[in-house]
Each structure stands twice: as C-alpha cells, then as structure tokens.
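Hi,

Here is the structure I said I would pass along. Have a look at it first, and my notes on what turned up follow below.

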Amino acid sequence: MSISSTVSFLKNCFKFRCVIKLCHFLTRYLYFCVSFLYDLCMIDMEMDARDMSFFPDKSFDAAVDKGTLDSLMCGSDDHISSVRMLREVSRTLKPGGIYMLITYGDPKVRMPHLTQSIYNWKIVLYIIPRPGFEKPGGSSSNPQPKPVPISDTGLLPADFVLEDPDSHFIYVCKKMGETTEVSDISSNPLIADAL
C-alpha cells in the first residue's frame, strides 16, 4: 500500500468517524427534544375523582378507568362516591367522548350506575376472558372480542352463559350529548340520594 493511498484511506476513515459522531450527536439531541416536548405535553396530576372542578366542562375526549370505580364501590359511602365520580367523568367528557371502564364488576352490579339518564351514555359491553382461558372442549377464547348484547335495562340476556367467571368486563360508554342538569334529577333515587 502506497503512502498516498494510506493517507487517502485515513482521511476517509476520519470523515467517516466524524459523520458517525455527528449522527450520534444529532440522534441524542433529537431524543432530548422529543423527551422535552413529551414532558411538556404530559400533565401528571393527583386529585379526587369525585371532584375534578379544576377542569372545565367538556375538557376531554376520553377517560380510562381501571380500578378507580371499583375502589370507590368498596369503600364507605360507596353509592355516593361512585355517583359523584361518574357525574364528574360525564361532566368533563366532550359530547362523543368515551369513558372506558375496565372492571371485574359484572353488569348486575355496574349497569345500574352506568345507565342513569343523567350521563346520557350509549354503552357497549365487552367480556374478556383471562389470558390462557380455554373454553370447555379445549378451544381457546377468541382474540378479537365482540360486543355482548345487553337488554334495554343494561343487563345480560337471561340465556347468556359467562364461560370464565374471572373475566374482565369492559364498558365503553359514549357520551351522546348534553347531560341532564343536576336540578332535574331529584326524581331519580339512585342519583338524588347521592347529591
């Protein structure tokens, strides 16, 4: 190898190293910028779900609940607490907004709370068996859940068989429009008692 070709080779290596270092720097800088913007956009707040007066009406497109309503329904004043929380969720959702409740609570227990006219929700129910659950006869559960038909009162049909008693129930509640004003609900005992 001649001296000129060695020098040329070393220059190319140096350029290549500079390009690698520059790419590495730009990647780290881009990651920093994206992280910074993400942190600016994310708001981490802690508050009582029964009083979210910090947020104005119709603030959110969606709310996801995994355990909050369940916890409130296990505490003292469970009825009052659950009504207050659901009222706040409904108030802060935009029309067309979605409240997704993921729970072990079956429709006999949850639907009387969710179907109150004050919320004006259209509810679709999904039942998701636990991972690895096999139906009687050895077939596994369907990976693509389908909505479960519910009666006009929000309950499962009388002939419905729940295959896995440890299923999760997913209630997808879509806010259909304006909710009833608080002053208009005194005739509804489930809600009126909690106010």
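**Strand 1 and its surroundings**

Ala62 sits in strand 1. One thing to keep in mind from the start: this is a predicted model. With a relative accessible area of 48%, Ala62 counts as partly exposed. Setting aside its neighbours within four places in sequence, Ala62 is in contact with Leu93 and Ile98. There is also a long jump along the chain here: Ala62 and Lys174 are 112 residues apart in sequence, yet their C-alpha atoms are 9.1 Å apart in space.

Ala63 belongs to strand 1 too. Its relative accessible area is 23%, which makes Ala63 partly exposed, given that buried means under 20%. Again leaving out neighbours within four places in sequence, the contacts of Ala63 are Val89, Leu93, Ile98, Tyr99 and Met100. For Ala63 and Met100, the C-alpha to C-alpha separation is 6.2 Å, with their positions 37 residues apart in sequence.

**The largest pocket**

Ala63 comes up again here. Which residues lie nearest the centre of the largest pocket? They are Met47, Met52, Phe55, Phe60 and Ala63, from a lining of 18 residues. The elements that give two or more residues to that lining are strand 1 (60–66), helix 3 (78–92) and strand 2. Strand 1 gives the most, with 5 residues.

If you are thinking about volumes, the largest pocket comes out at about 480 Å³. By class, its lining has 14 nonpolar residues, 2 polar and 2 charged.

**Strands 2, 3 and 4**

Now for the other strands. Strand 4 covers residues 168–175, and 6 of its 8 residues are buried, so the rest of the structure largely encloses strand 4.

Which strands pair with strand 4? Strand 2 (residues 93–103) does so in the antiparallel sense, over 6 bridges. Strand 3 (residues 121–128) also runs antiparallel to strand 4, and 8 bridges join these two.

If you want to check the register by eye, Phe169 in strand 4 is a handy place to begin. Thr103 stands opposite Phe169, and Ile127 stands opposite Phe169 as well. One more pair to look at is Ile128, which stands opposite His168 in strand 4.

Strand 3 has two faces that are easy to tell apart. The covered face holds Trp121, Ile123, Leu125 and Ile127, while Lys122, Val124, Tyr126 and Ile128 make up the uncovered one. The general pattern behind this is that side chains in a regular strand alternate between the two faces of the sheet.

**Loops and backbone angles**

Three loop residues are worth a click.

- Pro165 lies in the loop between strand 3 and strand 4. Pro165 is exposed, at a relative accessible area of 65%. Measured off against Arg130, 35 residues away in sequence, the C-alpha to C-alpha distance of Pro165 is 9.1 Å.
- Lys58 is in the loop between helix 1 (3–41) and strand 1. Its phi is near 55°, a positive value in a residue other than glycine. Lys58 is partly exposed, with a relative accessible area of 38%.
- Asn120 is in the loop between helix 4 (107–114) and strand 3. The phi of Asn120 is near 55° too, again positive in a residue other than glycine. Asn120 has a relative accessible area of 30% and is partly exposed.

**The chain as a whole**

Finally, the overall numbers. How many helices and strands does the protein chain have? There are 5 helices and 4 strands, and read along the sequence they follow the pattern α-β-α-α-β-α-β-β-α.

Of the 195 residues in the protein chain, 27% count as buried. The chain exposes about 13,300 Å², with carbon and sulfur atoms supplying 61% of that. As for contacts between residues at least 6 apart in sequence, 78% join residues at least 24 apart.

Cheers

Notes:
Residues numbered from 1 in each chain as written. Predicted model: local features only at pLDDT ≥ 70, side-chain atom pairs only at ≥ 80, totals over all residues. Heavy atoms only, no water. Buried < 20%, exposed > 50% of the residue type's maximum accessible area, 1.4 Å probe, protein only. Pairing = 2+ DSSP bridges. 1 Å grid on protein atoms, 1.4 Å probe; cavity = no way out; pocket = protein on both sides within 12 Å on 5 of 7 lines; lining within 4 Å. Points joined across faces, edges and corners; volume = space filled by probe spheres on them. Nonpolar A, V, L, I, M, F, W, Y, C, P; charged D, E, K, R; others polar. Contact = heavy atoms within 4.5 Å. Areas by Shrake-Rupley, 256 points an atom, 1.4 Å probe, with all protein chains shown as cover.
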